[in-house]
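Biologist: Could you take me through one part of this model up close, and then show me how its surroundings are put together? I'd be glad of the cut-offs as you go.

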Amino acid sequence: MPPRASKRKSAPPNSSSVTSSDGRSAGYSNVSSKAKIKGLEKIDRLFNTYANSSLGMIDPEGIEALCSDLGVDYTDVRILMLAWKLKAEKQGYFTQDEWQTGLKALGVDSLSKLKKALSDLEKEVEKPSNYEDFYTYAFRYCLTEEKQKSVDIESICELLNLVLGVQFRPQIDSLIEYLKVQNDYKVINSDQWINFLRFCKEISFPDLENYDATQAWPLILDNYVEWMREKHS
């Protein structure tokens with residue numbers, strides 16, 4: 001909820017000329033404060049449009065309704081980017097605090113502004129300084145159970161396609177094919193996930209000439225490279 005304005009004593013007749021320590025008039029400061037409160041109220045109204053009132057948060061059904069109004073699919077990577085920006089902790093749920101903090105950071109207080117912000121969000125995530133953080137977050141977002149440390153292969157394949165498919169399509173198609181046919185791994189952990197990105201960025205494909213198994217690569221990638229070389233021999 002927006003903060004309540006504190007009660008003030010009646011201002012003196014010449015209050016319009018009073019200045020603050022930074023040189024701005026008190027009147028300007030008051031207007032700015034009111035504008036911030038009004039913006040927060042609009043953010044809260046938008047939240048309440050999609051929130052489950054009994055839970056006090058936006059649940060999967062609410063996110064689906066939001067996606068519909070935004071004109072994007074529920075599985076669109078931009079919704080994952082939005083969750084990253086909101087720093088959402090639980091998959092499929094946005095709390096009011098997460099919503100307020102994220103939308104304020106985006107400078108958004110309406111559905112139309114949020115729709116426009118999704119394109120800007122894509123550009124923000126694409127920055128090298130943000131991308132690895134987003135990629136790491138995508139894995140954490142899939143940890144839906146307490147103390148869960150790994151994600152099942154089927155979900156990992158979907159996630160790889162979603163977050164890396166556009167940038168590294170040949171590598172991801174091949175890696176997903178391998179993950180689906182191999183029988184050694186049923187789940188993927190955080191270290192393996194991080195190294196999938198490193199592999200896509202550092203290793204020449206499809207020849208894999210600069211892959212060195214003596215380096216600190218997880219065994220699953222050693223096995224993948226061996227599978228690839230046998231496949232193309």
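Modeller: Happy to! In helix 6, the buried residues are Asn 130, Tyr 131, Phe 134, Tyr 135, Tyr 137, Ala 138, Phe 139 and Tyr 141; buried means under 20% relative accessible area, exposed over 50% and partly exposed in between, with a 1.4 Å probe and protein chains only. This is a predicted model, where local features need pLDDT of at least 70 and side-chain atom pairs count only at pLDDT 80 or more, while totals for chains, interfaces and linings use all residues. Residues are numbered from 1 along each chain as its sequence is written, and side-chain values use heavy atoms, without hydrogens and water.

Helices here are DSSP runs of H or I with at least four residues, and strands are E runs of at least two, numbered from the N terminus. Helix 6 covers residues 128-141, 14 in number, and spans 20 Å from first C-alpha to last, close to the expected 20 Å, that is, 1.5 Å times one less than its number of residues.

Further along, the axes of helix 7 (residues 153-164) and helix 8 (residues 169-181) come within 10 Å and cross at roughly 175 degrees. Axes are lines fitted to C-alpha atoms, for helices over the stretch in contact, with angles from 0 to 180 degrees between N-to-C directions. The two helices are therefore roughly antiparallel, the word for angles over 145 degrees; under 35 is roughly parallel, 65 to 115 roughly perpendicular and the rest oblique.
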